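Subject: Structure for your files

Hello,

Here is the structure I said I would pass on. My notes on it follow below.

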Amino acid sequence: MNPTLVFFIIILCSTSISICLADNDNLQDACPTNTTVTRMVFINGFPCKNPSSISSADFTTSNLKHAGDTDNFLHSSVNIVTAADFPGLNTLGLSIARTDLDLDGMVMPHSHPRASELFFVRKGIVLAGFIDTNNTLFESLINEGDVFLFPRGLLHFCMNAGYEPAIAFSVMNSQNPGVVSIGGAVFETDKLLIDKIVRRLISVRGTNMANFSKIHIQ
């Protein structure tokens with residue numbers, strides 16, 4: 001084969017690989033979501049506003065200011081804010097969330113297929129944990145000011161382990177982390193694991209949580 005042709009093929013392949021592996025960095029300082037247009041073309045993200053119409057309001061949100069509704073079976077509420085609701089997040093690879101846990105409140109195991117999550121406790125005491133691919137449980141009792149990490153794609157949960165409502169805020173490294181919920185029937189297939197989690201919470205609280213145990217173990 002012609003040496004010149006071989007050299008050209010090598011250069012072409014290496015250039016193509018570099019292009020494929022390159023990070024998709026921003027081409028401008030910011031790209032707030034344009035919420036006023038109807039999406040006709042579906043892209044990986046949202047269309048940007050005209051730079052001349054960007055304002056400080058695009059980088060401010062009050063969506064996590066108020067407590068969520070915990071008047072439900074699990075006594076919990078999770079509010080995730082993405083670039084669809086907070087324009088300034090667009091193309092930055094970030095989303096935020098607020099979790100409210102009433103007394104004995106729990107967020108059932110779920111995962112975020114596109115993001116890891118930093119879980120910061122603002123108020124109260126929370127038992128947080130995740131389960132890895134070897135079915136090993138990693139859990140920790142976290143207090144006000146503490147941070148717990150939920151790795152990307154792994155099942156994780158949190159429970160109120162204190163005697164007052166708890167509040168936590170999260171940051172995830174995707175503007176659309178996604179949520180895969182695991183139904184109670186599926187999660188309860190591993191009785192020993194559930195029993196370990198609940199007994200840990202009971203030992204932390206040191207109180208009679210018979211009703212809680214009946215809901216989550218039986």
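In what sense do strand S3 and strand S8 pair, and over how many bridges? Strand S3 (residues 106-111) runs antiparallel to S8, with 3 bridges between them. Please keep in mind that this is a predicted model.

Strand S8

S8 covers residues 155-160, and 5 of its 6 residues are buried. In the pairing with S3, valine 107 has cysteine 158 of S8 as its bridge partner. Strand S5 (residues 126-131) also pairs with S8 in the antiparallel sense, over 6 bridges. Phenylalanine 130 faces histidine 156 of S8.

The nonpolar patch

On the surface, Leu92, Leu94, Leu118, Phe120, Val147, Leu149 and Val171 make a nonpolar patch of about 560 Å². Two or more residues of this patch come from strand S4 (117-123), and the same holds for strand S7 (147-150). Leucine 118, one of the patch residues, lies in S4. Leucine 118 counts as partly exposed because its relative accessibility is 45%, between the 20% and 50% cut-offs.

Histidine 66

Histidine 66 sits in the loop that lies between helix H1 (3-21) and strand S1 (76-81). Is histidine 66 buried or exposed? Histidine 66 is exposed, because its relative accessible area is 59% and the cut-off for exposed is over 50%. Along the chain, histidine 66 and arginine 98 are 32 residues apart; their C-alpha atoms are separated by 9.1 Å.

Regards

How values were computed: Residues numbered from 1 in each chain as written. Predicted model: local features only at pLDDT ≥ 70, side-chain atom pairs only at ≥ 80, totals over all residues. Heavy atoms only, no water. Helix = DSSP H or I, 4+ residues; strand = E, 2+ residues; numbered from the N terminus. Buried < 20%, exposed > 50% of the residue type's maximum accessible area, 1.4 Å probe, protein only. Patch = residues over 30% accessible without salt bridge, like charges linked within 9 Å, V, L, I, M, F, W, Y side chains within 5 Å. Areas by Shrake-Rupley, 256 points an atom, 1.4 Å probe, with all protein chains shown as cover. Salt bridge = Lys/Arg side-chain N within 4 Å of Asp/Glu carboxyl O. Pairing = 2+ DSSP bridges.
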